[in-house]
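Visitor: Could you take me through one part of this structure slowly? I would love a close look at the place where the two chains touch.

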Amino acid sequence: MSSYFTLIGFGPTGWGWQLVAATLMTLAVSAAAFVTGAVFGVLGAWAKLSGGRAVRGAADAYTTVLRGIPDLLVIYLFYFGGSALMTSIGKMMGSQGFLGLNGFLVGMLAIGTVSGAYQTEVMRAAFLAIPRGEIEAARAVGMGRALMLRRIIAPRALRFALPGLGNVWQQVLKESALISVTGMLELVRQIHLAAGSSRLPFDFYATGAALFLLLTTLTGLLFRGAEQRTQRHERQG
Amino acid sequence: MDFTFLSDTIARLLPAIPTTLALAGTSVAIGMVLALLLALLRLSSRVAAIVVRLYVFVFRGSPLLVQIFLIYYGLGQFAAVRDSWLWPFLRKPWWCAVLALALNTAAYGSEIIRGGLTSVPLGSIEAGRAAGMSRFTLYRRIILPLALRQALPAYGSEIIIMVKSTSIASIITLMELTGVARQIVSESFRAVEVFLCAGLIYLAINFLLTRAVSLLERSLNPHLRGANT
């Protein structure tokens, strides 16, 4: 047992600092992907709620396709597709050979695109949950569209969206493990390397699972706190 | 658009569909039995409930990829496992993937089934008891059918998530749809076309599954249908 703690500790032979850095990297790429997904989600929800026929159709296709194919496939598509695109651009600019893409960027865009499909549905449902009377009241006092969005629609929709967004965040955090296929040094990749070089795969994969549990639990608490804050004016049963 | 390449790719991907379906089917079947057991355990006693909650917490809070690695690479670390009768199975990527997928879906499934079980109206259970049903008959005739009806839509989404999750098995060298697609890419270097073809096949499978689940839902809810539809 003591040898295990030396192994994952911060001593000269321990993997402690690498694990901390990799955990932070997982958190960073997940957060970037979640924010990217939120942008897609807002656009998608807006398209579904108030777009014309073509825009609505495009948004429907986006959510149906991205929720129907494996996330790993989306990551491969972005990784290899992006690299192919970069290589052909490079050829035009006169450089030779294969140009790889940054793993962080690929992960952020790929997982962001997938989570955007889920966030579209969450945000659409949240907007529809706002009582119509509140929007009518805002119109009645003469609010403009921007003011109404800022003061009434955004805060109210956030309250209804937060539980769903919390679920999407957990999903993003776990999907970020798949970015390791691009070779980016996040938690799973680091664990994989450490498991190989130490020849103690079980110890390291179990540690990786524990670190993910820590991340999902702590951020879950944050979302719970935020949910309670947006509901603080409501009567509790 | 190079249609001969696209149709060749589809033709090479089609034989991998049975592997993907078998992987999803086996793990969903094992996972469903486990999920029902876990849900019943969780509702039975205090101690059992704590153990089941811990199980669900661990398997829902960590990525499936790490769980697959833990089983495929991790278990071989122990000599006891390597010497046991299980080793011929646990050496194989197929059984490791099935085990990880089944344990994973059991955690999600048990929560769905628990939701279904607790939604059975108390009055129906009391009526069953009043009619003199034994515990087993009560479960078979009243509780499980009502719970199944309640849980079906959520379980349908879980099955679709499982079909998508099988693609992760390609990382431990299993040649299912995604694995074969990667192989074609490594020969042809035409990633976008190949992965789009694979995506199309996954979409078709999931579309058919969604239809099947909604048909089943319809046949389980005859009382919700209008008189003339």
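Guide: Happily! Let us begin with chain A, whose elements run α-α-α-α-α-α-α-α-α from the N terminus on. That comes to nine helices and zero strands, where helices (H or I, at least four residues) and strands (E, at least two) are DSSP runs numbered from the N terminus. This is a predicted model, in which local features need pLDDT of at least 70 and side-chain atom pairs count only at pLDDT 80 or more, while totals for chains, interfaces and linings use all residues. Residues are numbered from 1 along each chain as its sequence is written, and chains are lettered from A in the order in which they are written.

Now to the contact itself, which takes 27 residues from chain B and 28 residues from chain A; two residues are in contact if their C-beta atoms, placed from the backbone, lie within 7 Å. On the side of chain B that touches chain A, α3 (46–61), α4 (64–74), α10 (177–188) and α11 (191–220) of chain B each supply at least two residues. The largest share there, eight residues, comes from α11(B). By class, this side of chain B has 18 nonpolar, eight polar and one charged residues. Here Ala, Val, Leu, Ile, Met, Phe, Trp, Tyr, Cys and Pro count as nonpolar, Asp, Glu, Lys and Arg as charged, and the others, Gly among them, as polar.

For a single residue to follow, try L65(B). Leaving out residues up to four places away in sequence, L65(B) touches A177(A), L178(A) and V188(A), along with I168(B) and I171(B).
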